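Open the model in your viewer and keep the selection panel at hand. The stops below can be taken in order.

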Amino acid sequence: MKRILILMLLALGLSCVRAHRVNKHKPWIESSYHGVITENTDAVLLDPPLVALDKDAPVPYAGEICGFHVQGLSAPFEAVVLNRTSGEGRLRARGPIDCERQREFTFIIQAHDCGTGLEGHAQKRSHKAAVHVQVGDVNEFSPVFGQLEYHGSVTEGKVYDSILQVQASDQDCSPQYSQICNYQITSQDTAFAIDRNGNIRNTESLSFDKKSHYKIHVTAFDCGQKRAAQDAVVHIHVKPICKPGWQGWSKLVDYEPGTGSKLLFPKMHLEMCAGSVSWIRTTVELETSAAGRGCDRQSYSERSLQKLCGASSGSTDLLPAPSGVFNWTATLVTDGGRDSDLTYRFDGRQAAKIPCWVVPQNLTHQFTITTWMKHGPSPGQRAEKETLLCNSDKTEMNRHHYSLYVHNCRLVFLLRTDYTQTDSFRPAEFHWKLEQICDKEWHYYVISVDFPVVTLYVDGVTYDPYLVTDDWPIHSSQIDVQLTVGACWQGGEVSKAKFTQYFRGSLSGLTIRPGKIESQKIISCLQACKEGLDITSLESLGQRIKFHLNPAQSLVVMEGEDLEQMNGALRKVSYINSRQFPTKGSRHLRISTAVQCFGEDVCISVPDIEAVVMVMQPSEPRITITGAEHLTVPASDLALGLSLFRDLHIISTVTKSDGQTNTDHWSGAFKEITHNLDYCDIIVLGEELRAGLESLELHHSALLGKHLEYANSSTGMSIYGVDSISHYTEVIRQVRYQSRQAVDSVRTFRLTCSELNGRYTSDQYTLQVNILHSEEAIEHVNHAMAPPKYMQIIHPTVIESNNYSIVIPAAATAVIVLCIAALLVVLLSVYRLNQPQNQEHIHTHTLPEKQADCDGSSLSITVNPLESFQELQSAEEVTEEEEEDEEEEDEEEEDEDCDISSTDSDSDEEETSTSFMHHQTRMQWGSTLH
């Protein structure tokens, strides 16, 4: 065994020596390689190609190349042998190569031969060669902008080289595909351009007024001409050239009635263009001339306003609404006043004579003249006197006893005393020179005379005369005087009496009142605006801002040293209108500003601004009058007086429309509101009340504690004065109709009420009084078979009155008829025996003798006096024995109906012709006023 083992070892040793002698050389490759691979592929292009050589060739195995070995921890490559004999190989990637993750790779490669045999024993390796592989980029990504929206601004009028720069990027790895080579504006017809670096510029100057904002779209291209997937949006804002002025205000401010105080400029501020100020003054002026007489004032009559403000009674209205009695204003031209503001326009050709019975005769050394006036500069270089009010001789002479006139924009009041009062040189002419006299705006003037002192109030502000001239008193004479409005009457020293010194302007509410002068508080109340600027919130600013508000609340002036404080003060200025039903329309606002800078008197000029406050349409009230429409009463009861309106109710409701447009479609529930009335008229329809026989009565105690008065005449009664609906209802319920000798079978009365001097009127409430005559009842007692006429059925079958409720059965027997007739005779006898003599408690008002002719023709309204009886039904047949008597009575009734029909026709025509007169002007009562 030992020999065998030794032999085997020797054989193995010999074979190893022989093999070593066969594979004597190592493979050979290049010392370095450079390769390129395109991303997302596996083939690598090497330079030089991958080839391994072995000097042992062509010895099998020893001269062949069996493989390549890649050394590198992160090298994602492998090499394969394509030909073992030639040693050619190929380098490839083991997976997709992403250039964006790694752009190049460096690793070591070696080749090895096949050794000495099939098993690959005794393989030899080549030296190590460096391989450097670069990854070739593919343009797989689109450019992406850094932000999707860009904002830039330019100042109008300037051309910029670069307004802003947009930037895009590309995720590709190579410079060819990762760089942005071009930008482009895709918007059409734009005034902007962009360069290859993304800088945007304007190609022309821009105007803020023409267009203040531009929106353009921009795209980008990489160097491989791949376009961005999403465009960028660029906003270019055009800024106006910095001009000092107010910013953040609205030209139109809507005001909803009833909302109280509303801020006018909640976001307003003053732009100073980086300048600093040491002092600033701002003036806010509210111009309300378009609303009524200068502003939104209460539209009640002058007489009602005076009572509301607590003025003494006794004033005389010299410019009332034209009517049958007050007819001297009928020829004057109205000035288009709105909301019942009755104004008259004088153009130098109109004037009016005041009747002597109207002129107050008790003027002494104390009296007051009030008027609204709108007047402009007089035409011509040398203007003539323009007379508002003049009291002059009617005939023979041309003396002016007192007058109020305008001359060269100066207001002059002339007052000549007579020798019965004094015989010395006394003040006679009082002159005032004010801007308000000729500014073509409405102003309220009060001439307060407490001779020898005369004071002028204009819009509640006191002005003393700048010039007072003296004159001798006028000699007393028996010549009558003439009071005129709009000119002065020249009755003497001329061939024909005429008007002279005509007035050119507008007047309203001209009154004269003798006696004690009014206080300034009452004068301010009479002219006070119900709208104005509200600055109550400015008080919180303390002493930092000084402010002043004029009495009319139409002008506020604020001064301060800090700009921000002034901005805050202006934001607190509000508009308020306290009228329940304000005048709709526009009110103009003007804001003027003056500033001073440090070390300079005036540094910049801030332009004035104008805005409009639009007062919206108020919700209009609907005044409704309800109550009994028919009353039936025996004629004998009318001597005591019948309460006509015991069941009267007056309510006022409003509804609110869904939109602000003026439409006839209203929605929502009716809402009852509380407001005042200023008059209610009770009109007698048909023939007038017979003097001394019929009257409407109202006890004076009914007016105690109320701001009401009444006037009475044969055509009806007027209750007037500004007071609540409840007070009006309470007083009207106490109005009684009294008839000492009733002739008519029907009396009809119509009641209407008004708010704001006729601006809102109620519906027409009509009451019909059916009068049952006792003579007819007594006559029917002797006819047992005939029921009395006042027992006829009236639909509805229950006849209601203040004292009676009579139910008539459908069928009545002769016995029942006789019993009822006898009972009524007894009742009527008792009434006549027990009538109280209380006439001394009821006051009947009669017309003054000198106005009787005017009142006789002022109003004549007639209606069908027996209209309600057209529906009367005859009683049913009671017995067959009484048929003949009933037929005879029916024939008599038919004859009476024929007479009634003819009367109806005449009455209807007369009512149609006269009813329009009542609606044209409110009823003027020519009787004694209470």
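The tour goes through disulfides, then a small set of rings, then one sheet. The model is predicted.

**Stop 1: the disulfides**

Select the cysteines. A search of the whole structure gives six disulfides; three of them are visited here, including the one that joins Cys99 to Cys173.

Start with Cys99 and Cys173, where the S to S distance is 1.6 Å. The torsion about this S-S bond is about 100 degrees, so the disulfide is right-handed. Now colour by secondary structure. Cys99 is in the loop between strand 5 (88-93) and strand 6 (104-113), while Cys173 is in the loop between strand 11 (168-169) and helix 2 (175-178), so the disulfide ties together parts that are 74 residues apart in sequence. Are these two cysteines buried or exposed? Cys99 is buried, at 1% relative accessible area, and Cys173 is buried too, at 11%.

Move to Cys181 and Cys223, a disulfide with its sulfur atoms 1.7 Å apart. Its torsion is about 75 degrees, so this link is right-handed. Cys181 belongs to strand 12 (residues 180-185) and Cys223 to the loop between strand 15 (213-222) and strand 16 (232-239), so parts 42 residues apart in sequence are tied together. Switch on a surface: Cys181 counts as partly exposed at 21% relative accessibility, and Cys223 is partly exposed with a relative accessible area of 25%.

Next, select Cys409 and Cys438, joined by a disulfide with an S to S distance of 2.1 Å. Which hand does the link of Cys409 and Cys438 have? With -110 degrees about the S-S bond, this link is left-handed. The pair links distant parts of the chain, 29 residues apart: Cys409 is in the loop between strand 28 (400-407) and strand 29 (410-415), and Cys438 in the loop between strand 30 (426-433) and strand 31 (442-450). Cys409 counts as partly exposed at 24% relative accessibility, whereas Cys438 counts as buried at 13%.

Before leaving the cysteines, select Cys356, which is exposed with a relative accessible area of 63%.

**Stop 2: the rings**

Show the aromatic side chains. The structure holds 13 aromatic pairs. One of them is Trp489 with Phe499: the ring centres are 5.1 Å apart and the planes stand at 75 degrees, so the pair is edge-to-face. This contact links distant parts of the chain, with Trp489 in strand 36 (residues 488-490) and Phe499 in strand 37 (residues 498-500), 10 residues apart. Both Trp489 and Phe499 are buried.

Stay on Trp489 and add Lys353. The charged end of Lys353 sits over the ring of Trp489, 3.6 Å from the ring centre.

Then select Phe77, Phe105 and Phe107, which ring pairs link into a cluster.

**Stop 3: a three-stranded sheet**

Switch to the cartoon view. Strands of a sheet pair through backbone hydrogen bonds, either parallel or antiparallel. The sheet to find here is open, with three strands in the order 19-42-39 and antiparallel pairing. Strand 19 (262-263) and strand 39 (531-534) stand at the edges with a single partner strand each, so one side of each has no neighbour in the sheet.

Zoom in on strand 39 and strand 42 (residues 574-577), which pair in the antiparallel sense over four bridges. To see one bridge, select Glu531; which residue of strand 42 is its bridge partner? The partner is Asn577.

Conventions. Residues are numbered from 1 along each chain as its sequence is written. This is a predicted model: local features need pLDDT of at least 70, side-chain atom pairs count only at pLDDT 80 or more; totals for chains, interfaces and linings use all residues. Side-chain values use heavy atoms; hydrogens and water are left out. Rings of Phe, Tyr and Trp (its six-membered ring) pair if their centres lie within 6.5 Å; planes under 30 degrees apart count as stacked, over 60 as edge-to-face and the rest as tilted. Helices (H or I, at least four residues) and strands (E, at least two) are DSSP runs, numbered from the N terminus. Buried means under 20% relative accessible area, exposed over 50%, partly exposed in between (1.4 Å probe, protein chains only). A charge sits over a ring if NZ of Lys or CZ of Arg is within 6 Å of the ring centre and within 35 degrees of the ring normal. Two strands pair if DSSP finds at least two bridges between them. A disulfide is a pair of cysteine sulfur atoms within 2.5 Å.
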